[in-house]
Structure formats: structure tokens, C-alpha cells
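Dear colleague,

Please find below the structure that I agreed to pass on to you. I would be grateful if you could read the notes that come after it with the coordinates open.

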Amino acid sequence: MKRNPAIALSLLLTASLTHAQDYDTRAWLKGNTHTHSLWSDGNDFPEMIIAWYQENGYDFIALSDHNVLQEGEKWLSAAQIKKKQRAIGRDAISKCEARFGKDWIQWETRGEEKGILLKTLEQCNEALGKPGEFYLLPAEEISNSGSGKPVHINAINIEEVIPAVKEDKETAQEVMRRSMKAVKARAKETGRPILAHLNHPNFQWALTAEDLAAVAEGDYFEVYNGHPGINHLGDETRPGDEKIWDIANTIRIAEMKAAPLKAVATDDSHTYHGGDVSPGRGWIMVGADALDGDEIVIAMEKGEFYSSSGVTLDRISFDQTSRELTLEITPAEGVEYTTEFIGTRDNYDAAAAETGIGEVFATVKGNTASFTMPDDALYLRATVTSSRKHVNPSFEGQMQQAWTQAVGWEAQ
Ligand SMILES: [Zn+2]
Ligand SMILES: [Zn+2]
């Protein structure tokens with residue numbers, strides 16, 4: 001899945017000569033950066049989860065357990081594993097034995113209890129890693145809280161755990177800022193590109209769009225997370241994740257002269273034996289030059305990725321001179337695509353978030369969609385919605401979608 005270097009070079013030349021962002025996205029890498037295993041509150045063995053993603057067309061995944069990397073020793077009793085599973089059908093242990101063989105599982109009795117030593121990321125890599133074909137991105141969900149609200153941040157491409165440090169009387173926004181700074185400090189210290197995305201802001205209504213805007217140290221957030229309990233659509237009085245993105249971007253660009261947030265889509269999968277928090281719901285497509293943690297993060301830092309819950313793109317191009325954004329969508333038989341071009345005008349009414357912020361400038365049907373950014377727009381982005389239902393929806397009526405990053409804001 002390595003991108004042709006000739007194509008990469010021609011893109012680079014095009015970009016520097018004409019300031020166009022013109023990406024052939026057909027060979028971009030598919031990955032999920034948010035997954036839980038038995039190392040924290042997921043209910044399956046890491047090797048089983050990795051095998052699932054390999055068999056379902058992914059190029060990379062991050063096992064992002066809470067406050068832990070899959071290293072050292074983790075022992076769970078067979079009873080604990082069964083309890084976590086809340087099983088319907090065959091249990092996790094017998095499924096793992098059936099997949100990897102009877103000798104695979106490392107049984108160890110402690111006291112009177114029969115139990116299992118979980119495989120580490122390194123062991124999983126040895127058994128399942130496929131250099132150049134499938135990559136295991138070391139990651140962690142830094143899981144903290146402020147004012148009693150969860151502040152969860154995924155740190156991707158880490159070498160060591162970044163601890164969730166507790167401090168008294170901090171708001172959720174303060175915890176978010178401190179955690180984002182800690183990740184940036186770690187990246188600087190180690191010289192290793194590390195990416196941090198703020199997860200599910202509406203989970204327990206922990207963080208608002210204004211919080212996300214204010215923490216300038218945060219560069220990424222989840223515009224879609226497949227956990228059904230994260231209030232993706234908001235409610236009568238609170239905006240959903242997509243509107244949060246527009247509000248935060250508007251404040252950042254207009255008031256803070258800062259870059260907008262880049263958005264990821266993820267699974268946040270916990271359950272793998274039936275149950276409601278399953279894998280395969282949201283992912284990113286990344287234009288990395290190689291299937292490697294550093295290259296994936298470097299591409300994402302440049303904005304060379306988009307988010308998806310089912311729609312695939314062949315091309316994304318934005319001409320900085322004409323300010324035209326064009327998407328080519330990978331066609332599918334009998335499927336219709338609707339692209340909404342969204343942004344905020346510079347005379348927006350801060351009080352009218354529902355209409356003035358994240359305005360739908362145009363709605364275009366078809367496999368190709370183009371739109372020229374209005375002169376008074378602060379930024380432009382696109383959401384594509386398929387006429388096809390999501391195969392494994394996390395909310396009622398969910399259709400397959402794709403979200404591109406915001407463009408055109410650099411000129412502001
Ligand atoms: Zn979380
Ligand atoms: Zn999670």
C-alpha cells in the first residue's frame with residue numbers, strides 16, 4: 001500500500017508551484033486510532049481484535065487502552081475475562097483458541113485462580129505484524145477528568161505511557177490543556193511525532209465547542225466516534241459533534257487567529273462478541289508516504305487525511321487561487337452521494353450558532369462535487385452523505401459519510 005513516490009513528488013511540486021492541495025486519495029491508508037482490549041475495558045484479546053481489523057481491510061490500528069500500553073505483564077483470571085465479556089455465544093477464550101491454536105494462550109494459575117497472561121503489543125507484532133501491509137500504532141487513551149467530567153485524549157505513536165496526572169480543582173478545559181501540553185512536551189523531548197486527539201467531547205457533556213476552541217494546544221478531535229453513548233448528535237439544546245467542529249473552527253480562525261481543528265473518525269470499540277460498542281464504524285484515510293507511525297502522524301499534521309464512516313474518496317483538491325474545492329467520490333452501484341459544502345462567513349452572528357456558524361453554502365449531488373469558497377468565508381469543508389445506510393450504525397438512521405478537513409482558512 002505504499003504510495004507511488006512519483007505521484008508524491010508531482011503533488012509536492014504542484015503544491016509548491018500553484019499553492020494547490022491536490023490529492024489522489026485512492027491509495028491512502030485506512031486506519032482506526034481508537035480501540036479497547038482486555039488490557040483495559042475492552043472484552044477481547046488484543047490479537048483477536050488485530051486479526052479482525054486485518055481481515056476487514058484496514059492498514060493500521062491503534063489499540064488505545066485507558067492509561068496503559070500493552071507492555072509488561074497483565075494477568076486476568078478466566079472468571080474476570082468471562083465477566084467482562086457479558087457473553088452471548090462462545091466465549092472469548094475458546095474463540096481465541098480456535099483462531100490461534102490450543103498452545104497460544106499463556107495460562108497461569110495464581111493462588112487458586114486459573115488465569116491468562118495477555119499478549120503484549122510486541123508479541124502481537126511478532127505474530128501478526130506484516131511490515132508494509134499492516135501496522136500496529138502504539139497508543140493510549142489518556143483518561144482523566146476535570147470537575148467530575150471525563151477528559152479523554154488519545155496519544156498516538158507513543159513510546160511510553162503519558163500518565164493521566166490528577167490535580168485538584170481543575171476544570172475539564174484545564175485538564176485538556178495540561179494533557180495536550182504534556183503530549184507536545186513528550187514529542188519535543190523524544191523527537192518523535194506524536195498526535196493527540198480529544199475524544200467524544202459530548203460524552204457526559206464534558207467539553208463544549210468553546211472549550212475545544214480555547215485549548216489552542218489541541219489540534220485534533222473526534223467528529224465521529226462509534227460508541228453509542230457519546231451523544232454524537234447533541235440534544236435539543238446542545239450541538240452535535242459536527243456543529244461543535246464548526247463553532248470551534250469559527251472561534252479559532254476569527255477570534256484567535258489560530259488554525260482550525262482537524263477531525264478524525266474512530267470506533268472506540270469495546271465489545272467484540274455482539275453488544276453495542278463494536279468495531280468497523282468510523283476510520284481515517286491517511287496519505288502517509290509509508291506504513292509507519294512517524295509517517296502517519298506527519299501526514300496527518302499536514303492535513304493529508306479525511307474521516308469516514310463508509311464513503312470513500314478518489315480525490316480531494318483545493319485551488320488556493322480560485323478557491324474551488326473539488327471532491328471525487330468513489331462510485332458504487334445504485335448509490336447516490338450528497339455533498340454539503342460548509343463554512344462560516346466573517347460577519348457571522350456569534351449568538352446564532354444554528355444558522356450563522358457552520359452554514360451549508362451548497363448541496364451538490366453526484367460522484368463529483370465542486371464549490372468555490374465565498375469571499376467572505378472563514379474556511380470551507382465538505383461532508384459527503386451516501387444514500388446507503390451505515391452497515392453497523394451507532395445511532396438511529398445513520399447513513400454512511402465522509403468528512404474532509406477545513407481548507408481556505410490560511411488566507412484569513
Ligand atoms: Zn473515552
Ligand atoms: Zn475509548
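The notes below deal with a sheet, a helix and its surroundings, and some backbone angles.

Please bear in mind throughout that this is a predicted model.

The sheet

Three strands form an open sheet in the order E4-E6-E5, and their pairing is antiparallel. Strand E4 (75–77) and strand E5 (106–110) are the edge strands, each of them pairing on one side only. From one strand to the next, the twist averages 40°. Between E4 and strand E6 (residues 113–117) there are three bridges, in the antiparallel sense. Within this part of the sheet, Trp75 stands opposite Leu117 in E6. Helix H3 (residues 78–85) lies across both E4 and E6, and its direction makes an angle of about 80° with E4.

Helix H6

Helix H6 covers residues 172–190. Its 19 residues, at 1.5 Å a residue, should span 27 Å, and the end C-alpha atoms are 27 Å apart, so the expected and the modelled spans agree.

Which residues of H6 are buried? They are Ala172, Gln173, Val175, Met176, Arg177, Ser179, Met180 and Val183. An α-helix has 3.6 residues a turn, so residues three or four places apart point the same way. The buried residues of H6 pack against three strands and a helix, namely strand E7 (135–146), strand E8 (149–156), strand E9 (195–198) and helix H7 (209–214). After H6 comes Gly191, which has a positive phi near 70°.

Positive phi outside glycine

Most residues other than glycine have a negative phi. Two residues may therefore deserve your attention when you inspect the backbone.

Ser147 has a positive phi, near 50°, and is not a glycine. This serine is placed in the loop between E7 and E8, two of the strands against which the buried residues of H6 pack. Is Ser147 exposed, partly exposed or buried? Ser147 counts as partly exposed because 13 other C-beta atoms lie within 10 Å.

Lys257 is likewise not a glycine, and its phi is positive at about 50°. The loop that holds Lys257 runs between helix H8 (241–255) and strand E11 (262–266). Lys257 is classed as exposed because it has 9 C-beta neighbours inside 10 Å.

With kind regards

Key
Residues are numbered from 1 along each chain as its sequence is written. Chains are lettered from A and ligands numbered from 1 in the order in which they are written. This is a predicted model: local features need pLDDT of at least 70, side-chain atom pairs count only at pLDDT 80 or more; totals for chains, interfaces and linings use all residues. Two strands pair if DSSP finds at least two bridges between them. Helices (H or I, at least four residues) and strands (E, at least two) are DSSP runs, numbered from the N terminus. Axes are lines fitted to C-alpha atoms, for helices over the stretch in contact, and angles run from 0 to 180 degrees between N-to-C directions. Two residues are in contact if their C-beta atoms, placed from the backbone, lie within 7 Å. The expected span of a helix is 1.5 Å times one less than its number of residues. A residue is buried if 20 or more other C-beta atoms lie within 10 Å of its own, exposed if 12 or fewer, and partly exposed in between; C-beta atoms are placed from the backbone.
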